[in-house]
Amino acid sequence: MPQIAESPVVRTKRDAQIIHYDLGGLHTYVVAKEAGDWNLDCPEEEINMFLDRGVISDIPDLRNGDESPMTFGYSAYLRDLGDTEASPTYATLPDICFRYKSKYVDANWISTMATYSDAFTVGTSYTVDGSAFGEADKSIVLPHCKVRGSFAEGDPTAFTVTGTCFANRPTLV
């Protein structure tokens, strides 16, 4: 099959969607009402450099060192703090980040780490829509993410999400 060239279409914040999900994707949360400021850092591994008596050689002595987790962030507009019913039925972005005790995410979502850890993690995907340009959608998938949130009042009130993905590189699908 012939290789298709890189898309000639420049992507904008209108082309993407962020989703958080639990183990197996049984529960999902599609982020909406957001600023469009997604960021992702994939540091891969540290590079160890060995100097020859303090000098970088013409061909430097480099070796791969420790791997580092990926980090990401974005902001959305605060719409709902969470479901306060005795038997909550829906997730909110604050509920995913704060995991309110006995509320929807705490009671229903299963960590992507399953029984391998007591750390609660979710999966996160960032999908770029290609359908408007006759192309396939493409997603960056980040497994085992610890997401944290904060918010600040304003017009609008902003909810900021930061995440650490405990993997070395994303998967592209």
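Let me start with the largest pocket, which in this predicted model holds about 370 Å³ of space. Of the 17 residues that line this pocket, the closest to its centre are Ser7, Arg11, Glu135, Ala136 and Lys138. If we ask which elements give two or more residues to the lining, they are β7, residues 122-128, and β8, residues 138-152, and the largest share, three residues, comes from β8. As for the chemistry of the lining, which those of you setting up probes may want to note, its residues divide into nine nonpolar, three polar and five charged.

Let me step back now to the chain as a whole. There are two helices and 10 strands, and reading along the sequence one meets them in the pattern β-β-β-β-β-β-α-α-β-β-β-β, so to speak with the pair of helices following six strands and preceding four. On overall dimensions, the radius of gyration of the chain is 20 Å, whereas a compact globule of 173 residues would have one near 16 Å. Taken along the principal axes, the C-alpha atoms fill a box of roughly 65 × 45 × 40 Å.

What share of the 173 residues is buried? The figure is 31%, and the chain exposes about 11300 Å², of which carbon and sulfur atoms supply 52%. Turning to contacts, and considering those between residues at least 6 apart in sequence, 55% join residues at least 24 apart.

I would like to spend the remaining time on the backbone, and on one residue that brings several of these places together. Most residues other than glycine have a negative phi, and most peptide bonds are trans. Against that background, there are three places in this chain that I would point out.

The first stop is Lys33, in the loop between β2, residues 28-30, and β3, residues 39-41, where phi is near 55°, a positive value in a residue other than glycine. Lys33 counts as exposed because its relative accessibility is 53%, and exposed here means over 50%.

The next stop is Arg53, which lies in the loop between β4, residues 45-50, and β5, residues 61-67. Arg53 also is not a glycine, and it has a positive phi of about 55°; with a relative accessibility of 83%, Arg53 counts as exposed.

The last of these stops concerns a peptide bond, the one from Asp155 to Pro156, which is cis, with omega near 10°. Pro156 itself lies in the loop between β8 and β9, the latter being residues 158-165.

Which residues, then, does Tyr77 touch, if we do not count those up to four places away in sequence? They are Lys33, Glu34, Ala35, Pro156 and Thr157, so that Tyr77 is in contact both with Lys33, the residue of positive phi, and with Pro156, the proline that follows the cis bond. Tyr77 is placed in strand β6, residues 70-77, and it counts as partly exposed because its relative accessibility is 35%, a value between the 20% and 50% cut-offs. Tyr77 and Asp137 are 60 residues apart in sequence and, C-alpha to C-alpha, 25 Å apart in space.

Methods
Residues numbered from 1 in each chain as written. Predicted model: local features only at pLDDT ≥ 70, side-chain atom pairs only at ≥ 80, totals over all residues. Heavy atoms only, no water. 1 Å grid on protein atoms, 1.4 Å probe; cavity = no way out; pocket = protein on both sides within 12 Å on 5 of 7 lines; lining within 4 Å. Points joined across faces, edges and corners; volume = space filled by probe spheres on them. Nonpolar A, V, L, I, M, F, W, Y, C, P; charged D, E, K, R; others polar. Rg over C-alpha atoms; globule rule 2.2 N^0.38 Å. Buried < 20%, exposed > 50% of the residue type's maximum accessible area, 1.4 Å probe, protein only. Contact = heavy atoms within 4.5 Å. Areas by Shrake-Rupley, 256 points an atom, 1.4 Å probe, with all protein chains shown as cover.
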